[in-house]
Amino acid sequence: MKTDELIMLYALIPVVAIIGYYFYFAKRRKQFTKPVTTEKIFRCVNCKMVYTDDEDVGLSPCPNCGTTNEEFKF
Ligand SMILES: [Zn+2]
């Protein structure tokens with residue numbers, strides 16, 4: 001009886017470890033695949049500079065020359 005419990009315990013340790021690793025990497029994968037930024041990409045029509053601005057702005061002034069630009073669509 002004592003030996004059986006010991007065998008069960010040794011069998012359970014890797015199972016628990018694998019389940020733990022699975023959830024750990026599932027959590028990391030979720031963090032990795034989510035978008036890094038929600039910012040919009042703008043490209044200046046005047047100086048061709050590419051820059052980003054907040055998601056909620058429609059028109060953004062260029063940080064280089066000040067020209068107001070629309071969001072750049074790929
Ligand atoms: Zn510019």
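This is a short talk on the fold, the extent and a few residues of one chain.

Hi everyone, and thanks for coming. Please keep in mind that what we have here is a predicted model.

Let me begin with the overall layout. The chain contains one helix and four strands, and along the sequence these come in the order α-β-β-β-β. Its radius of gyration is 26 Å, well over the 11 Å from the globule rule for 74 residues, so the chain is more spread out than a compact globule. The C-alpha trace gives a similar feel for the extents: along the principal axes, it spans about 80 × 20 × 20 Å.

How much of the chain counts as buried? Just 5% of the 74 residues do. As for contacts with a separation of 6 or more, 21% of them come from residues 24 or more positions apart.

The domain assignment gives domain 1 as 1–34 and domain 2 as 40–70. Taken over C-alpha atoms, the centres of domain 1 and domain 2 are separated by 49 Å.

Now to the helix. Helix α1 covers residues 2–33, and at 1.5 Å a residue its 32 residues should span 46 Å; the C-alpha atoms at its ends are 47 Å apart, so the two figures agree. How many of the residues of α1 are buried? The count is zero out of 32, so to speak a helix that is hardly covered.

One residue to look at in helix α1 is E5. Is E5 buried or exposed? E5 is exposed, because there are 9 other C-beta atoms within 10 Å and the cut-off for exposed is 12 or fewer. Please also look at E5 together with G66: they are 61 residues apart along the chain, and 74 Å separate their C-alpha atoms.

On to the strands. Strand β1, residues 40–43, and strand β2, residues 50–53, run antiparallel and are joined by four bridges. Which residues face each other here? I41 has T52 of β2 opposite, and F42 has Y51 of β2 opposite.

Between these strands is the loop that holds K48. The hairpin of β1 and β2 has six residues between the strands, and K48 is where phi turns positive, near 65 degrees. What makes that worth a pause? Most residues other than glycine have a negative phi. K48 is not a glycine, yet its phi is positive at about 65 degrees. K48 is also exposed, with 10 other C-beta atoms within 10 Å.

Moving along, D54 sits in the loop between β2 and β3, the latter being 59–61. D54 counts as exposed because it has 9 C-beta neighbours inside 10 Å. Which partner shall we pair with D54? Take T38: the two are 16 residues apart in sequence, and in space their C-alpha atoms are 7.6 Å apart.

Finally, the segment after β4, which is 68–70, contains K73. With 7 other C-beta atoms within 10 Å, K73 is exposed. How far is K73 from L9? Their C-alpha atoms are separated by 58 Å, with their positions 64 residues apart along the chain.To recap: the chain is more spread out than a compact globule, α1 is hardly covered, and β1 and β2 run antiparallel. Thanks for listening!

Note on methods
Residues numbered from 1 in each chain as written. Predicted model: local features only at pLDDT ≥ 70, side-chain atom pairs only at ≥ 80, totals over all residues. Helix = DSSP H or I, 4+ residues; strand = E, 2+ residues; numbered from the N terminus. Buried ≥ 20, exposed ≤ 12 C-beta atoms within 10 Å, placed from the backbone. Pairing = 2+ DSSP bridges. Rg over C-alpha atoms; globule rule 2.2 N^0.38 Å. Contact = placed C-beta atoms within 7 Å. Domains from an automatic or database assignment. Expected span 1.5 Å × (residues − 1).
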